[in-house]
Amino acid sequence: MSLPLDNDGFLRRECPHCIGQFKWHHGPASEEAEEQPSPASYYCPLCGQPAGLDSWWTQEQLDYAQGVFAPAAARMVEDELKAAFKSARSKHVKFSLQGGVNAPGVPSPLIEPDDMVIVTSPCHSYEPVKVPEAASGPYHCLVCGQAFAV
Ligand SMILES: [Zn+2]
Ligand SMILES: [Zn+2]
């Protein structure tokens, strides 16, 4: 599964604490960023609360992931059922599997608009984020949570 980035290479994220949306840069934003160890958690630029790296999915991304994986999971179940029925038949028990498991289609890909504005923290400027234009600071550094004004 792949998620769309905007034209600046940013990925949309949603804070599990304040449910605010922002974007972080996908992958290292610069050579300096490449040399940094990736942190165990990030801080929300909007509310400053930390969360683990896999806690930032937006509702749209979760829905999309479910839509992508559900048909694959349904096909797997169907294959296993067929295999089970096949071995059952060899013991002279009659089973038949009619039709297929009703699998929904794959959802259309997400589209990432070029909204929001880039802000960089003074302490970790190699890790820029995008925040909603309507938001007003202070913002928090993605890496260390330090508050800063723009
Ligand atoms: Zn937050
Ligand atoms: Zn920082």
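Buried means under 20% relative accessible area, exposed over 50%, and partly exposed in between (1.4 Å probe, protein chains only). The model is predicted, so local features need pLDDT of at least 70 and side-chain atom pairs count only at pLDDT 80 or more, while totals for chains, interfaces and linings use all residues. Residues are numbered from 1 along each chain as its sequence is written, and side-chain values use heavy atoms, with hydrogens and water left out.

**Exercise 1.** Find the salt bridge of Lys130 and state whether its two residues are buried or exposed.

Solution.
- Step 1: apply the criterion, a side-chain nitrogen of Lys or Arg within 4 Å of a carboxyl oxygen of Asp or Glu.
- Step 2: the partner of Lys130 is Asp6, with the closest N and O atoms 2.9 Å apart.
- Step 3: Lys130 belongs to strand β6 (residues 129–131) and Asp6 to the segment before β1 (10–14), so the bridge ties together parts that are 124 residues apart in sequence. Strands (E, at least two residues) and helices (H or I, at least four) are DSSP runs, numbered from the N terminus.
- Step 4: both Lys130 and Asp6 are buried.

**Exercise 2.** Locate the salt bridges of Arg12 and Lys23, and place them in the network.

Solution.
- Step 1: Arg12 pairs with Glu112, the closest N and O atoms being 3.1 Å apart.
- Step 2: Arg12 is in strand β1 and Glu112 in the loop between α2 (59–89) and β5 (117–119), 100 residues apart.
- Step 3: Arg12 and Glu112 are both buried.
- Step 4: Lys23 meets Asp115 at 2.8 Å, N to O.
- Step 5: Asp115 sits in the loop between α2 and β5 and Lys23 in strand β2 (residues 21–25), so this pair ties together parts that are 92 residues apart in sequence.
- Step 6: Lys23 is buried at 0% relative accessible area, whereas Asp115 is partly exposed at 27%.
- Step 7: Asp6, Asp8, Arg12, Lys23, Glu112, Asp115 and Lys130 are linked in a network of salt bridges. The count for the structure is 8 salt bridges.

**Exercise 3.** State how many disulfides the structure holds and describe the exposure of Cys123 and Cys144.

Solution.
- Step 1: the test is a pair of cysteine sulfur atoms within 2.5 Å.
- Step 2: the structure holds 0 disulfides.
- Step 3: Cys123 is partly exposed, at 38% relative accessible area.
- Step 4: Cys144 is also partly exposed, at 31%.

Notes: Chains lettered and ligands numbered in written order.
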